[in-house]
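Let's take a friendly walk through this model, moving from one residue to its neighbours. Keep the sequence and the structure side by side as you read.

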Amino acid sequence: MTNEIDWLGTCGQEKGGAIVRILMFGWEFPPRVSGGLGTACEGMTRALVQMGHEIVFVLPGSERLETASHVRLVPSGTVDLPPDAPPADPALSICAIDSPLRPYLNDTQYETLMQGGAFPRNSYLATPGGYGATLLAEVVRYGQAGGEIASRETFDVIHGHDWMSIPAGLAARQRSGRPFVLHIHALEVDRSGERGDRQIFDLERQGMEEADAVIVVSFYTRNAVIHRYRIDPGKVFVVHNAVRRSEGLTAYRPQKVAGEKIVLFLGRITFQKGPDYFIEAARLVLQEMPETTFVMAGSGDMMPRMVERGAELGLGSRF
């Protein structure tokens, strides 16, 4: 996250070397991780805290979390504290807003959760009548709650991750007048293809149009933001996700035979990550390089289909 960290460091220098306090909105954080966003947020916040900055991370979900060493959980009840409540003591505190929002939910899955009673409706915090009737309504409610948190916190900049955080980030900026940075890890067209939810697409565009700056994780995403969403290129910045190589070597101790060719797919085995393309590419490569081994590591809703497709193509011995 070098570019963002450098930018925040510059912000601190402009403030005379003072600590920069960040109000951050996200929807997953270790140990609650469904994909890469939570891991990215953990690494990002750890690096910023090491630089001396302070972060309040707002997260949906009221269950108790055992979090990373640089995090101190602020219980969900903290949201109901009076405006004169003492500020959180550590450099990174997490406020959990009571909400059933979860990573990678779509409207149908959200309605199924509500009908199944997994999250009984209540009148906690924001809107009368409890949780939103639809996924988007709940995202708006989460945003209202985020605005309430912003009204009692002291911060220099607002940082939101992906579309679920947009109403919260905009509400916080309206309350505080502080700049809003929207961090795009994936777009609706990445998650769902051309038949994605138009309301989410429109919310993404609104968020990027109104944000003071937009961070994206690749030049591919930057191109989509500029050309598909018509966002000013001057405020769209690429910050690649980082990898701690030393941790991976320690944990997995990979070994490779000299001369062996291994191709790895590591991620969620779901539409957004294109595992079907990986299978088809493996078929083509093996026609020219039959000793290549392909490894698919992860889990997801497309996994059974990928196993079946690999068998259909006769790739089992090399996959």
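A polar contact here is a pair of N or O atoms within 3.5 Å, where, within protein, one must be able to donate a hydrogen and the other to accept it. With that in hand, look at H159, whose side chain makes such a contact with the side chain of H183, at 3.1 Å. Bear in mind that this is a predicted model. H159 sits in strand 5, residues 157-161. Is H159 buried or exposed? Its relative accessibility is 3%, so H159 counts as buried.

From H159 it is a short step to L23, since H159 is among the residues that L23 contacts once neighbours within four places in sequence are set aside. The other residues in that list are V56, V58, I149, A150, F155, V157, I158 and A172. L23 also stands out in the largest nonpolar core, which has 53 residues: together with F25, L187 and M208, L23 is one of those with the most contacts inside it. A second, separate core has eleven residues, including I279, A282, F294 and L315. We will meet F294 again further on.

Now turn to strand 1, residues 21-25. Five of its five residues are buried, so strand 1 is largely enclosed by the rest of the structure. In a regular strand the side chains alternate between the two faces of the sheet. You can follow this here: R21, L23 and F25 point one way from strand 1, I22 and M24 point the other way, and all are buried. Which strands does strand 1 pair with? One partner is strand 2, residues 54-60, which runs parallel to strand 1 and is joined to it by five bridges. Within this pairing, F25 has V58 as its bridge partner in strand 2. Strand 5 also runs parallel to strand 1, and four bridges join the two. There, I22 is partnered with V157.

Following the chain out of strand 5 brings us to D162, in the loop between strand 5 and helix 5 (166-176). Most residues other than glycine have a negative phi. D162, which is not a glycine, has a positive phi of about 60°. R230 also has a positive phi, near 60°, and is likewise a residue other than glycine. R230 is found in the loop between helix 8 (219-227) and strand 8 (236-238). The surroundings of the two can be read from their accessibility: D162 is buried, with a relative accessible area of 3%, whereas R230, at 66%, counts as exposed.

The last stop is a group of aromatic rings. The model has six aromatic pairs. One of them joins F265 and F278, whose rings are tilted, with 5.5 Å between the centres and 55° between the planes. F265 lies in strand 9 (residues 262-266) and F278 in helix 10 (residues 275-288), so this pair ties together parts that are 13 residues apart in sequence. F265 is buried at 9% relative accessibility, and F278 is buried too, at 13%. F278 forms a further pair with F319, this time edge-to-face, at 5.9 Å centre to centre and 75° between the planes. Because F319 lies in the segment after helix 11 (303-312), this pair connects parts that are 41 residues apart in sequence. F319 is partly exposed, at 32%. Ring pairs link F265, F278 and F319 into a cluster with F294, the residue named earlier in the second core.

Notes. Residues are numbered from 1 along each chain as its sequence is written. This is a predicted model: local features need pLDDT of at least 70, side-chain atom pairs count only at pLDDT 80 or more; totals for chains, interfaces and linings use all residues. Side-chain values use heavy atoms; hydrogens and water are left out. Rings of Phe, Tyr and Trp (its six-membered ring) pair if their centres lie within 6.5 Å; planes under 30 degrees apart count as stacked, over 60 as edge-to-face and the rest as tilted. Buried means under 20% relative accessible area, exposed over 50%, partly exposed in between (1.4 Å probe, protein chains only). A nonpolar core is a set of buried Ala, Val, Leu, Ile, Met, Phe, Trp, Tyr and Cys residues joined through side-chain atoms within 4.5 Å. Contact means heavy atoms within 4.5 Å. Two strands pair if DSSP finds at least two bridges between them.
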